[in-house]
Amino acid sequence: MSMTGTAAEGVLATRFGTIRGVLFDIDDTLVDLEFAMTTALRDVSQHLLPNLAEDDWEKFGRIFTRETTHYYDRYLAGELSFNEQRLLRGRAALGHFGVELDDGDAAHHWVSSYASLQHSYIRAFDDVVPLLDALDAAGVPYGAVSNNVHDYQRVKLDAAGLERIGILVGTDTVGVPKPDPAIYLEGVRRLGTGAGETLYVGDNRLLDAEGSTAAGLQGVWLNRGGEHAPGFAGNEVTSLLALLA
């Protein structure tokens, strides 16, 4: 890996300027949550959809992971519990293919089985450890700021082998989710850096790149899939390793 400039005493020159700290989103930034979700979904739902074609399984996964996030927004707003939003997303995906998930034992079993299976598939992206190694070598502190509660995300990081990320700010840490400036700035405070000298990196263009930039940090959109966004003029990379290229 090549680095622009030199790294010393907790200062690193990157393609986005000199930084003294890095904060990360977790889901689909550090941890491949979409893989864990879609693989677990198929495992727990295959008996309900025994003849589903491969293309339809992909559609099933898209509905759950991307097309039903309004239920997750309602969870963040305190209108639904975490399991309630998860169940509603599952019902929407199954319902698209004509399967009704009844209340009671069937729904409870589906949710609990999915939760257990998803946890078993949690893994970090391949570019995470090399980047953290580079930050450690440079003496640059790092942490995570997530739109989920602290304890749930702590378990997820540890399951992905990322115990080294000791600083973690969740929605329950300060009582607000992204893009409220307070949640990013709490991460900055815990790093002991200044907002303007801290990168915030995440896969959500609005919540991560634009939200953190509005809070005074140097926001970076991790656009792993190369999504086309004509109106976006901010910092963008397709890999975490490109931060230091």
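Which residues line the largest cavity? In this predicted model, the lining is made up of Thr-14, Ile-19, Val-22, Leu-131, Leu-135, Leu-199, Leu-243 and Leu-244. By class, seven of the lining residues are nonpolar, one is polar and none is charged. The structure holds one cavity of 30 Å³ or more. The space inside the largest cavity is about 40 Å³.

**The largest pocket**

The largest pocket has a volume of about 1,200 Å³. Its lining counts 42 residues, and the closest to the pocket centre are Asp-27, Asp-28, Thr-65, Asp-203 and Asn-204. Several elements give two or more residues each to this lining. Among them are helix 1 (33–45), helix 2 (54–65), helix 3 (69–76) and helix 4 (82–96). Helix 5 (105–120), helix 7 (150–159) and helix 10 (205–214) also belong to that group. So does strand 8 (218–222). The pocket lining divides into 14 nonpolar, 12 polar and 16 charged residues.

The two linings, set out by class:

| Lining | Nonpolar | Polar | Charged |
|---|---|---|---|
| Largest cavity | seven residues | one residue | no residues |
| Largest pocket | 14 residues | 12 residues | 16 residues |

**The parallel sheet**

How many strands form the open sheet? Six strands do, in the order 6-5-4-7-8-9, with parallel pairing. Strand 6 (167–169) and strand 9 (235–237) are the edge strands, and each pairs on one side only. From one strand to the next, the twist averages 25 degrees.

Strand 4 (residues 21–24) and strand 7 (residues 198–202) run parallel and are joined by four bridges. Within this pair, Leu-23 has Tyr-200 of strand 7 as its bridge partner. Helix 6 (residues 128–138) packs on the sheet. This helix touches strand 4 and strand 5 (142–145). The direction of helix 6 makes about 155 degrees with that of strand 4.

**The hairpin**

Which strands does the hairpin join? It links strand 2 to strand 3 through two residues. Strand 2 (residues 11–14) and strand 3 (residues 17–19) run antiparallel, with three bridges between them. Ala-13 stands opposite Thr-18 of strand 3.

**Where the parts meet**

Some cavity-lining residues can be placed on these elements. Thr-14 lines the largest cavity, and strand 2 covers residues 11–14. Ile-19 is in the lining too, and strand 3 covers residues 17–19. Val-22 and Leu-199 also line the cavity; strand 4 spans residues 21–24 and strand 7 spans residues 198–202. Leu-131 and Leu-135 are lining residues as well, and helix 6 runs over residues 128–138.

How values were computed: Residues numbered from 1 in each chain as written. Predicted model: local features only at pLDDT ≥ 70, side-chain atom pairs only at ≥ 80, totals over all residues. Heavy atoms only, no water. 1 Å grid on protein atoms, 1.4 Å probe; cavity = no way out; pocket = protein on both sides within 12 Å on 5 of 7 lines; lining within 4 Å. Points joined across faces, edges and corners; volume = space filled by probe spheres on them. Nonpolar A, V, L, I, M, F, W, Y, C, P; charged D, E, K, R; others polar. Pairing = 2+ DSSP bridges. Axes fitted to C-alpha atoms, helices over the stretch in contact; angles between N-to-C directions. Contact = heavy atoms within 4.5 Å.
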